[in-house]
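Open the model in your viewer and keep the sequence panel beside it. The stops below say what to select next and what to look for there.

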Amino acid sequence: MAVPTSILGPSPVSQGGPGSMAPWCSVSSGPSRYVLGMQELFRGHSKTREFPAHSAKVHSVAWSCDGRRLASGSFDKTASVFLLEKDRLVKENNYRGHGDSVDQLCWHPSNPDLFVTASGDKTIRIWDVRTTKCVATVNTKGENINICWSPDGQTIAVGNKDDVVTFIDAKTHRSKAEEQFKFEVNEISWNNDNNMFFLTNGNGCINILSYPELKPVQSINAHPSNCICIKFDPMGKYFATGSADALVSLWDVDELVCVRCFSRLDWPVRTLSFSHDGKMLASASEDHFIDIAEVETGDKLWEVQCESPTFTVAWHPKRPLLAFACDDKDGKYDSSREAGTVKLFGLPNDS
């Protein structure tokens, strides 16, 4: 059965040291000009700000394609949308309607007004920020935990806890296809060309299907343990996977070979995001920091400190700003109460 990445239990990872993955790990000679330039930028923009968003933990954050809005989905059964104004997020609206936790959400790839939410209430909902209304509610067969919108905007894929992936026509809101998998499906994604569909699974594999035929193309043994998350870089050169073995591996899209790995985290990698230029990769886990790596070398570029496990990270589509959400507790009054905040890193230190 698939498990939402936001509730993967604690299991610190015993790694065989860097040598165990030696062929994949490249060592570079000193930081690149890009790394030095970004480090210089972050030295003056290392501030993280918190913004109240929900009454329970935030499972998912995502930016609209134009970068004007950030959406968040929460255990409190709602989605929130913020406007990015200069150096802060201003809450625009709260979207109610789901009867259970909102586990994941994503925006239309080219229409900055539409986003879709996946919920444990066996529905997905499409929302329009112009009317603040639910445009469509689509009933599905199970409790939904994963969702993605195809790069051409025509199809929404949703995965449930029973490892069924349903492909929904984004215009008619009807199911076009449905696939039951015999393995634990974790995260799902199209490639940037829209002609292949990728799934990460509980056996550490990446399964690749042709699209729209949905015929198996390849299964890659990516990790020795549960392969949790997958992201494609905006340039179409690489994709990255994160795994329960605490490693992030970077893959060449065309060759389908692993080009390097990132091993600074100690806990299962729950969430990944590439920066808009494809040059930085943020990865996070139950470690109390978010790792920011240079994609081309694997070198550490920066780390963002956090006080608790991180559920979700998302780079802004145009700027070096990272939105994220952690398992924060509202310590002021009750240490067990969830804070439900959304955070933004990369703000000017004097803001």
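Begin by selecting Thr341, which at 11% relative accessibility counts as buried, since the limit for that word is under 20%. This is a predicted model, and Thr341 is found in its strand S28. If you show the surroundings of Thr341 and leave aside residues up to four places away in sequence, the residues it touches are Glu50, Phe51, Pro52, Ala53, Val58, Ala325 and Asp328.

Now extend the selection to the whole of S28, a strand that is mostly covered, with seven of its seven residues buried. Which strands are joined to S28 by bridges? Strand S1, residues 47-52, runs antiparallel to S28 and is joined to it by six bridges; to see one place where they meet, select Phe51, which stands opposite Val342. Strand S27, residues 322-326, also runs antiparallel to S28, with three bridges between them, and here Phe324 has Lys343 as its bridge partner.

Before going further, zoom out to the chain as a whole, whose secondary structure comes to one helix and 28 strands. Of its 351 residues, 59% are buried. Among the contacts with a separation of 6 or more, 48% are between residues 24 or more positions apart.

The next selection is helix H1, residues 33-44, where the distance between the end C-alpha atoms is 17 Å; twelve residues at 1.5 Å a residue should span 16 Å, so the two values agree. Colour Tyr34, Val35, Met38, Gln39 and Phe42, which are the buried residues of H1. They lie on the same side of the helix, because the arc they cover around the axis is only 125 degrees. On the face turned away from that buried side you will find the exposed residues Arg33 and Glu40. What covers the buried residues of H1 includes strand S23 (280-284), strand S24 (289-294), strand S25 (300-305), strand S26 (310-315) and strand S28 (341-347), the last of which takes you back to the strand of the opening stop.

From there, select strands S2, S3, S4 and S5, which in that order form an open sheet with antiparallel pairing. Strand S2 (58-63) and strand S5 (88-95) stand at the edges with a single partner strand each, so one side of each has no neighbour in the sheet. Neighbouring strands in this sheet are turned against each other by 25 degrees on average, direction ignored. Look at S2 beside strand S3, residues 69-74: the two run antiparallel and are joined by five bridges, and Ala62 stands opposite Ala71 in S3.

While you are in this part of the chain, pick out Lys86 in the loop between strand S4 (79-85) and S5. Lys86 counts as exposed, at 67% relative accessibility, and its phi is near 50 degrees, a positive value in a residue other than glycine. Most residues other than glycine have a negative phi, and most peptide bonds are trans.

Two further loops are worth selecting with that in mind. Asp163, in the loop between strand S11 (155-160) and strand S12 (164-169), also has a positive phi, near 65 degrees, but Asp163 is buried, with a relative accessible area of 8%. In the loop between strand S16 (205-210) and strand S17 (216-221) lies Pro212, and the peptide bond leading to Pro212 from Tyr211 is cis, with omega near 10 degrees.

Continue to the open sheet whose four strands follow the order S18-S19-S20-S21, with antiparallel pairing. Its edges are strand S18 (227-232) and strand S21 (258-262), and because each has a single partner strand, one side of each is left without a neighbour in the sheet. Here the average turn between neighbouring strands is 20 degrees, direction ignored. S18 and strand S19 (residues 238-243) run antiparallel with five bridges joining them, and one pair to select is Cys227 with its bridge partner Ser243 in S19.

Finish with the cysteines: how many disulfides does the count come to? With sulfur atoms required to be within 2.5 Å, the count comes to zero. Select Cys106 and Cys148, where the sulfur of Cys106 is 6.5 Å from that of Cys148, its closest cysteine sulfur, and therefore too far for a bond. Cys258 is likewise in no disulfide, its nearest cysteine sulfur being that of Cys261 at 6.4 Å. Cys106 is buried, at 12% relative accessible area, and Cys258 counts as buried as well, at 16%.

Definitions and conventions: Residues are numbered from 1 along each chain as its sequence is written. This is a predicted model: local features need pLDDT of at least 70, side-chain atom pairs count only at pLDDT 80 or more; totals for chains, interfaces and linings use all residues. Side-chain values use heavy atoms; hydrogens and water are left out. Two strands pair if DSSP finds at least two bridges between them. Axes are lines fitted to C-alpha atoms, for helices over the stretch in contact, and angles run from 0 to 180 degrees between N-to-C directions. Buried means under 20% relative accessible area, exposed over 50%, partly exposed in between (1.4 Å probe, protein chains only). The expected span of a helix is 1.5 Å times one less than its number of residues. The arc is that of the directions from the helix axis to the C-beta atoms. Contact means heavy atoms within 4.5 Å.
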